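Subject: The structure you asked about

Hello,

Here is the structure, ready for you to open alongside this email. Below it I have written up what I found, going through it region by region.

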Amino acid sequence: MAYFILIGRRIPKQAVTGFKFQNETDNIRSFLSIRIRGKEEIIPFKENKDMSPVKQYLCSVFPKFVKIGDWYLKMSEIREYKPVTAEGRNPYILFKTSKFGNIKVRFPKDENMNAELLVLDQLFDVE
């Protein structure tokens, strides 16, 4: 069993299914939200600059995770994705995941969404 160390804590790699980083806003401090064994844990940072090395470290520990919106997810968590275009609104890709619910990723133009769909099709080996 492979482990990694996160802020002084030893965690099995296979127990992590996803994580996301939230930058500081007027109302909340920056934090890491990580899903370990099906439970979401919040790890706050004192400053935004503290978050950058942790983000680089987690991305190197989990190189095969896919970035979907703000989340970095294990590929097996993604069940389906499809493009959605509604008149008068920005197009988006709707991702259906097993444990994270639905995630919408919006794009300014259809061309940007189509380019992302090509990348996803290659990543998930869709013909």
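**The first hairpin**

Let's start with Leu 6, which lies in strand β1 (residues 3-6). Please keep in mind throughout that this is a predicted model. With a relative accessible area of 5%, Leu 6 is buried. Setting aside neighbours within four places in sequence, Leu 6 is in contact with Ile 11, Leu 32, Ile 34, Ile 43, Val 54 and Leu 58. One of these contacts, Val 54, is 48 residues away along the chain, yet its C-alpha atom and that of Leu 6 are separated by 8.1 Å.

The strand around Leu 6 has two faces: Phe 4 and Leu 6 make up the covered face of β1, while Tyr 3 and Ile 5 make up the uncovered one. That fits a general pattern, in which side chains of a regular strand alternate between the two faces of the sheet.

Strand β1 pairs with β2 in the antiparallel sense, over 4 bridges. The two strands form a hairpin with 2 residues between them, and Ile 7 in the turn has a positive phi of about 50°. Across the hairpin, the bridge partner of Leu 6 in β2 is Arg 9.

**Salt bridges**

Arg 9 comes up again here. How many salt bridges does the structure hold? There are 3. In general, side chains of opposite charge can pair when their charged atoms come close.

- Arg 9 and Glu 41 meet through their side chains in a salt bridge, at 2.6 Å from N to O. Since Arg 9 lies in strand β2 (residues 9-12) and Glu 41 in strand β5, the pair ties together parts that are 32 residues apart in sequence. Arg 9 is partly exposed, with a relative accessible area of 37%, and Glu 41 is also partly exposed, at 25%.
- Glu 47 forms a salt bridge with Lys 49, and their closest N and O atoms are 3.8 Å apart. Glu 47 is partly exposed at 42% relative accessible area, whereas Lys 49 counts as exposed at 58%.
- Lys 99 forms a salt bridge with Glu 77, with the closest N and O atoms 3.8 Å apart. This pair links distant parts of the chain, 22 residues apart: Lys 99 is in the loop between β9 (92-97) and β10 (102-106), and Glu 77 is in the loop between β7 and β8 (78-84). Lys 99 counts as partly exposed at 45% relative accessibility, but Glu 77 counts as buried at 5%.

**The sheet and helix α1**

Strand β5, which holds Glu 41, belongs to an open sheet of 5 strands in the order β5-β4-β3-β7-β6, with antiparallel pairing. Which strands are at the edges? They are β5 (39-44) and β6 (66-68), each pairing on one side only. From one strand to the next, the twist averages 20°.

At the β6 edge, β6 and β7 (residues 71-73) pair in the antiparallel sense over 3 bridges. Within that pair, Val 66 stands opposite Leu 73 in β7. Helix α1 (residues 48-61) packs on the sheet, where it touches β3 (16-22), β4 (31-36) and β7. The direction of α1 makes about 155° with that of β3.

Ser 30 is also worth a look, in the loop between β3 and β4. Is Ser 30 buried or exposed? Ser 30 is buried, with a relative accessible area of 1%. Not counting residues up to four places away in sequence, Ser 30 touches several residues, including Gln 22, Pro 44, Phe 45, Asn 48 and Met 51. Glu 47, from the salt bridge with Lys 49, is also among the residues that Ser 30 touches.

**Helix α2**

Helix α2 covers residues 110-123, and at 1.5 Å a residue its 14 residues should span 20 Å; the end C-alpha atoms are 20 Å apart, which agrees. The buried residues of α2 are Met 113, Leu 117 and Leu 120. They cover an arc of only 65° around the axis, so they are on the same side of α2. In general, an α-helix has 3.6 residues a turn, so residues three or four places apart point the same way. On the other side of α2, Glu 111, Leu 118 and Gln 122 are exposed.

What covers the buried residues of α2? The cover includes β6, β8 and β9. Just after α2, Asp 125 takes a positive phi of about 60°.

Best wishes

Methods:
Residues numbered from 1 in each chain as written. Predicted model: local features only at pLDDT ≥ 70, side-chain atom pairs only at ≥ 80, totals over all residues. Heavy atoms only, no water. Pairing = 2+ DSSP bridges. Axes fitted to C-alpha atoms, helices over the stretch in contact; angles between N-to-C directions. Contact = heavy atoms within 4.5 Å. Salt bridge = Lys/Arg side-chain N within 4 Å of Asp/Glu carboxyl O. Buried < 20%, exposed > 50% of the residue type's maximum accessible area, 1.4 Å probe, protein only. Expected span 1.5 Å × (residues − 1). Arc of directions from axis to C-beta.
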